[in-house]
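Here are three short exercises to work through at your own pace. Keep the structure open beside you and try each task before reading its solution.

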Amino acid sequence: MRTITKKKLAEPVPDVLRSRGLRLTNPRRLILEIVRATDVHPTALWVYQRARRRAPRVSLGTVYRNLRGLTNEGLLKEMADGRGLGRFDGNLSDHCHVVCVSCGRISDLAESLDRSLESRVAARTGFTVSHHRVEFYGRCPDCVGKRRR
């Protein structure tokens, strides 16, 4: 299994926000930078804790509102971990995930899927497929090791 390594940001955050017609507020810029700079698929609380280090007056509500807004604008993706907690992904490229149902860890996979999958699904169902998401669930090596002890 090959995981995707930490990615370089393709476009500076201010440019991304301006291109969407969004106001360039300090909390919004900071939250997008934090999520895009990590590959841990953070929760809102994780983002909040990091944001507070750089902007001590930012509130948890501000973090939630901005994460939701950035997700609605297509600048972040939201997914649930193996325990049902909301996680955010700043990597907008096509990729799959592997999710640990014990600890909630999410890792990116660089494995590519058959690109004809969407067209085959569309042909069989009559849907106009706009996108898809593939997630594999199981236990990570750390959690498997803990169960053996």
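**Exercise 1: A leucine at the surface**

Task: Decide whether L60 counts as buried, partly exposed or exposed, bearing in mind that the model is predicted.

Solution: Start with the relative accessibility of L60, which is 32%. Buried means under 20% and exposed means over 50%, with partly exposed in between. L60 therefore counts as partly exposed. Next, find its place in the fold: L60 is found in helix α4, which covers residues 60–72. Finally, look at its companions: L60 forms a nonpolar surface patch with L45 and Y64, and together they have about 260 Å² of accessible area.

**Exercise 2: A histidine in a loop**

Task: Is H41 buried or exposed, and which backbone oxygen does its side chain reach?

Solution: First locate H41 in the loop between α2 (26–36) and α3 (44–54). Its relative accessible area is 1%, and buried means under 20%, so H41 is buried. Now follow the side chain of H41: it reaches the backbone oxygen of D39 at 3.1 Å.

**Exercise 3: Reading a sheet**

Task: Work out the strand order of the open sheet of three strands, then name the edge strands.

Solution: The order is β4-β3-β5, and the pairing is mixed. β4 (106–109) and β5 (135–138) are the edge strands, as each pairs on one side only. On average, neighbouring strands of this sheet are turned by 20° against each other, direction ignored. Now zoom in on β3 (residues 96–100): four bridges join it to β5, and the two run parallel. As a last check, find H97, whose bridge partner in β5 is E135.

Notes
Residues are numbered from 1 along each chain as its sequence is written. This is a predicted model: local features need pLDDT of at least 70, side-chain atom pairs count only at pLDDT 80 or more; totals for chains, interfaces and linings use all residues. Side-chain values use heavy atoms; hydrogens and water are left out. Patches are made of residues with over 30% relative accessible area and no salt bridge: like charges are joined within 9 Å, nonpolar side chains (Val, Leu, Ile, Met, Phe, Trp, Tyr) within 5 Å. Accessible areas come from the Shrake-Rupley method with a 1.4 Å probe; for residues, only the protein chains shown count as cover. A salt bridge is a side-chain nitrogen of Lys or Arg within 4 Å of a carboxyl oxygen of Asp or Glu. Buried means under 20% relative accessible area, exposed over 50%, partly exposed in between (1.4 Å probe, protein chains only). Two strands pair if DSSP finds at least two bridges between them. Axes are lines fitted to C-alpha atoms, for helices over the stretch in contact, and angles run from 0 to 180 degrees between N-to-C directions. A polar contact is a pair of N or O atoms within 3.5 Å; within protein, one must be able to donate a hydrogen and the other to accept it, and residues adjacent in sequence count only if both atoms are side-chain atoms.
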